[in-house]
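Okay, everyone, thanks for coming. I'd like to walk you through one structure today, so have a look at the screen.

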Amino acid sequence: MEIKELIRSHTSVRKYTGEKISREKVVELIETAQMASSSNFVQAYSVIWVTDEEKKRKLGELSKNELQFQTAGASFLFCVDFKRLEMAGKKHGVKIVADTAENVLVGVTDVAIFAQNFVLAAEAEGYGICYIGGARNNPEEISKLFNLPDYVLPLFGLTIGVPAKRNDPKPRLPVEAVLHENSYNVDKYATLLDEYDEIMEQYYASRSSNKKMATWTKQMANFLIEQRRPFIKEFLASKKFTWK
């Protein structure tokens, strides 16, 4: 499939057929993902491939996404990783400075770019995928489940497999809403958000399953009306990321 067509056809898959993905295929996808750009080549990511059925069940429970993990062909936990970099420093008698806000941003960015390469490689093979941010619902318990050391943060889960069903892609924000030229223009949102709400309302009302009456701005208002996962800062500190 042409790369632009592949990207435009992306949807999240909530249920798979259960067909397993081979070790050879998983390794191939990881090797492809590793060609992602990385800030200063630190490659601050690691992936836990969850093949143990009990750990997979527990990860689904902790992330509140049981069905996805039960039916996926392969399940993963993507992590920010500065432990390997700490070991690199020790090799040369250096104590690295990992616990900064900047390095958290570097790690999150590295993981996201790496994961998106993985996703595109998987979708090019005909698989479906879903990112699972619910892994941050219980980061401490998930860290214990997978023996994640200091300087390693569980960022999100990711499932891949043969889709039991494919959904239609959701309409994204109009380009004019996300593209600004030379300076940020907040004035255009009054009109563009109204237009996008109409598009999303029609989409939700017409899709083949899980129909609902909703607009994008209302969903976002409800989603962001309160602080989410307030324990994350304390958890980061427990992993020695103290935001210096």
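Let's begin with Thr 11, which sits in the loop between helix H1 (3–8) and helix H2 (23–33). Keep in mind that this is a predicted model. So, is Thr 11 buried or exposed? Its relative accessible area is 10%, and the cut-off for buried is under 20%, so Thr 11 counts as buried. What does Thr 11 touch, once we leave aside its neighbours within four places in sequence? The contacts are Glu 123, Ile 129, Asn 167, Asp 168 and Pro 169.

Now compare that with a residue in a helix. Glu 86 belongs to helix H5, residues 83–91. Glu 86 has a relative accessible area of 13%, and with buried meaning under 20%, this glutamate is buried as well. If we don't count residues up to four places away in sequence, Glu 86 touches Ile 96 and Tyr 151.

Okay, on to the pocket. The largest pocket holds about 1500 Å³ of space. Its lining takes in 44 residues, and the closest to the centre are Ser 12, Arg 14, Lys 170, Arg 172 and Tyr 204. Which elements give two or more residues to that lining? Those are helix H6 (101–124), strand S3 (128–132), helix H9 (189–206) and helix H10 (216–223). As for the chemistry, the lining residues split into 18 nonpolar, 13 polar and 13 charged.

Let's zoom out to the whole protein. We have eleven helices and four strands here. The radius of gyration is 20 Å, and the globule rule gives 18 Å for 244 residues; those values are close, so the protein is as compact as a globular protein of that length. If you like to think in boxes, the C-alpha atoms fill one of roughly 60 × 45 × 35 Å along the principal axes.

How much of the protein is buried? Of the 244 residues, 39% are, and Thr 11 and Glu 86 are among the buried ones. As for the outside, the accessible surface comes to about 14500 Å², with 54% of that belonging to carbon and sulfur atoms.

One last number, on contacts. Take the contacts between residues at least 6 apart in sequence: 81% of them join residues at least 24 apart.

That's my tour, from one loop threonine to the whole protein. Happy to go back to any part of it.

Technical notes
Residues numbered from 1 in each chain as written. Predicted model: local features only at pLDDT ≥ 70, side-chain atom pairs only at ≥ 80, totals over all residues. Heavy atoms only, no water. 1 Å grid on protein atoms, 1.4 Å probe; cavity = no way out; pocket = protein on both sides within 12 Å on 5 of 7 lines; lining within 4 Å. Points joined across faces, edges and corners; volume = space filled by probe spheres on them. Nonpolar A, V, L, I, M, F, W, Y, C, P; charged D, E, K, R; others polar. Buried < 20%, exposed > 50% of the residue type's maximum accessible area, 1.4 Å probe, protein only. Contact = heavy atoms within 4.5 Å. Rg over C-alpha atoms; globule rule 2.2 N^0.38 Å. Areas by Shrake-Rupley, 256 points an atom, 1.4 Å probe, with all protein chains shown as cover.
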